[in-house]
Amino acid sequence: MEYKPMPYPIIDSHCHLDFPKFNPDREEAILRARKAGVVGMINSGISIKGNRMSLELTEKHEDIHAALGLSPDIGRGGTDDAINSVLAQIEANAEKAVAIGEAGLDFQDCKTNEEKERQAVSFKKVIELAKDLEKPLVVHARMAEAEVLELVRNVDTVIYHCYSGSPETMREIVDAGYYISLATLVCFSEHHQALAAEVPPENLLLETDSPFLSPRKGRNEPAYIVDSIPVVAQLKEMEPAEIARIVTENARRVFKI
């Protein structure tokens with residue numbers, strides 16, 4: 001399929017081009033994104049392998065930037081050695097990254113309070129890294145948006161990736177000066193459309209979270225970020241070009257790219 005280029009550049013603030021679903025056509029997907037008008041992709045690692053691949057992608061492509069993270073799943077169920085290895089990798093390669101994360105809390109799969117606490121202990125270590133390294137922190141918060149906010153309040157720059165929480169907590173996040181990143185879910189989810197209508201433009205980022213949450217059939221990919229722009233523009237009663245300009249400027253400022 002050919003993608004008609006948008007008349008404005010856009011940055012995909014969160015994707016996972018390192019994931020196996022891109023193995024058959026990773027380079028082609030990157031080219032499709034460029035043709036669609038995507039001028040930057042923040043690739044978020046969540047593991048030793050994913051962080052390594054994110055760094056490799058940044059070395060190969062000037063328009064791909066790495067965020068180095070620790071999956072909440074590893075935080076919850078990984079061994080101390082596994083967790084410490086990821087933390088050491090992040091610290092050793094931080095100068096090549098535009099952000100730390102994604103990392104955070106995901107209470108959806110936590111069966112016990114002990115699992116929640118273990119996840120929080122790991123996340124706190126990532127928070128300290130982001131503060132020490134003076135890097136933006138990309139957070140994963142599922143069914144734990146308010147709990148994450150209490151933990152990150154001393155971090156200068158925080159991006160709530162794929163925000164799906166309540167409007168009330170979103171207002172608290174925005175009041176703290178942090179950013180709300182809305183995924184391509186906004187194309188078809190009424191909840192996310194309500195969030196998009198309310199979030200101030202200066203606090204808004206857009207992402208695909210590809211290969212997940214596709215607004216089209218099959219796998220999501222960075223090119224599909226363009227689908228979000230007219231939807232958000234209509235919800236905010238703004239011109240699509242203006243939304244694209246604002247969120248792109250926000251991403252450049254946040255990630256210093």
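**A walk through the pockets and the first strands**

The largest pocket has a lining of 20 residues, and E102, D106, H140, R142 and D209 are the ones nearest its centre. Three elements each supply two or more residues to the lining of this pocket: α3, β4 and β5, the last covering residues 137-142. Strand β5 gives the most, with three residues. Before we go on, please keep in mind that this is a predicted model. The volume of the largest pocket comes to about 470 Å³. What classes of residue make up its lining? There are eight nonpolar, five polar and seven charged residues in the lining of the largest pocket.

Now let us turn to the second largest pocket, which holds about 160 Å³ of space. Its lining is formed by A130, K131, E134, K135 and P136, together with N154, V155, D156, T157 and K256. Sorted by class, the lining of the second largest pocket has three nonpolar, two polar and five charged residues.

Pockets are open, so what about enclosed space? The count comes to one cavity of 30 Å³ or more. The largest cavity has a volume of about 30 Å³. Around the largest cavity you will find L70, S71, P72, G75, A103, G104, Q119, S122, F123 and V126. Three elements each give two or more residues to this lining: α3 (72-77), β4 (97-106) and α5 (113-133). Which of the elements gives the most to the lining of the largest cavity? That is α5, with four residues. The lining of the largest cavity divides into five nonpolar and five polar residues, with no charged ones. Elements α3 and β4 may sound familiar by now, since both also give two or more residues to the lining of the largest pocket.

Finally, let us go back towards the start of the chain. Strand β1 spans residues 10-15 and is mostly covered, with six of its six residues buried. Buried here means that a residue has under 20% relative accessible area. Strand β1 is joined to strand β2 (residues 38-44) by four bridges, and these two strands run parallel. To see one such pairing, look at D12, whose bridge partner in β2 is M41. How does the chain cross from β1 to β2? The path goes through helix α1 (residues 26-36), and this β-α-β crossover is right-handed. As you look along these strands, it helps to know that side chains in a regular strand alternate between the two faces of the sheet.

Note on methods:
Residues numbered from 1 in each chain as written. Predicted model: local features only at pLDDT ≥ 70, side-chain atom pairs only at ≥ 80, totals over all residues. Heavy atoms only, no water. Buried < 20%, exposed > 50% of the residue type's maximum accessible area, 1.4 Å probe, protein only. Pairing = 2+ DSSP bridges. Right-handed = clockwise from strand over helix to strand, strands pointing away. 1 Å grid on protein atoms, 1.4 Å probe; cavity = no way out; pocket = protein on both sides within 12 Å on 5 of 7 lines; lining within 4 Å. Points joined across faces, edges and corners; volume = space filled by probe spheres on them. Nonpolar A, V, L, I, M, F, W, Y, C, P; charged D, E, K, R; others polar.
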